Amino acid sequence: MPARDSFLLYDLRVEVIASDTPMVCNHQVGDAFELSGENLSFPPGRTFPLYPLAALLPLLPAKQRETHPNDWMTTDTDIACPDPNCGGRFRITRLRRRRFRHGQTTRVPLPSTTRRRPAARRAGR
Ligand SMILES: [Zn+2]
């Protein structure tokens, strides 16, 4: 049974895919990195250009979380390179869900669930 303060996040893979337009930046089809929790992992010796990374970063925490089936964040996986002359696309894939514990990711305590409300409020007065 998972710990009471646990939660799940997807590990992500971001991979460069081609489009009909040639690429300009220093990314090539198949270049990729992964995100697990707050940690980015790049294959040894590989690089990834700064500007596409900067464009991708705001999307990744949302993509790590469970989203509504009708939410575009659930269905849309391909992100365009921010260079308008570059045909690079970046495919974000949810790999697996990984369990984390609140107490190991922040110093902010969870709200207490054992504290009882005053009797008058419980009765709706
Ligand atoms: Zn590009």
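Select Asn26 together with Thr47 and Pro49: in this predicted model, Asn26 touches both of these residues, leaving aside residues up to four places away in sequence. Asn26 itself is found in the loop between strand 1 and strand 2. Is Asn26 buried or exposed? Asn26 counts as exposed, because it has 12 C-beta neighbours inside 10 Å, and a residue with 12 or fewer is classed in this way. Next, add Leu50 to the selection. Its C-alpha atom lies 9.5 Å from that of Asn26, although the two residues are 24 apart in sequence.

From the loop, move to the strands on either side of it. Select strand 1 (residues 6-17) and strand 2 (residues 32-36), which run antiparallel and are joined by four bridges. Within this pair, display Val14 and Phe33, since Phe33 in strand 2 is the bridge partner of Val14.

Keep strand 1 visible and add strand 5 (residues 89-101). These two strands pair in the antiparallel sense over twelve bridges. Two positions serve as landmarks here: Leu8 stands opposite Arg99 of strand 5, and Arg13 stands opposite Thr93 of strand 5.

Finally, display the whole sheet. What is the order of its five strands? The sheet is open, its order is 3-2-1-5-4, and its pairing is antiparallel. Select strand 3 (39-41) and strand 4 (78-80) to see the edges; each has a single partner strand, so one side of each is left without a neighbour in the sheet. With all five strands of the sheet in view, note that neighbouring strands are turned by 25° against each other on average, direction ignored.

Key
Residues numbered from 1 in each chain as written. Predicted model: local features only at pLDDT ≥ 70, side-chain atom pairs only at ≥ 80, totals over all residues. Pairing = 2+ DSSP bridges. Axes fitted to C-alpha atoms, helices over the stretch in contact; angles between N-to-C directions. Buried ≥ 20, exposed ≤ 12 C-beta atoms within 10 Å, placed from the backbone. Contact = placed C-beta atoms within 7 Å.
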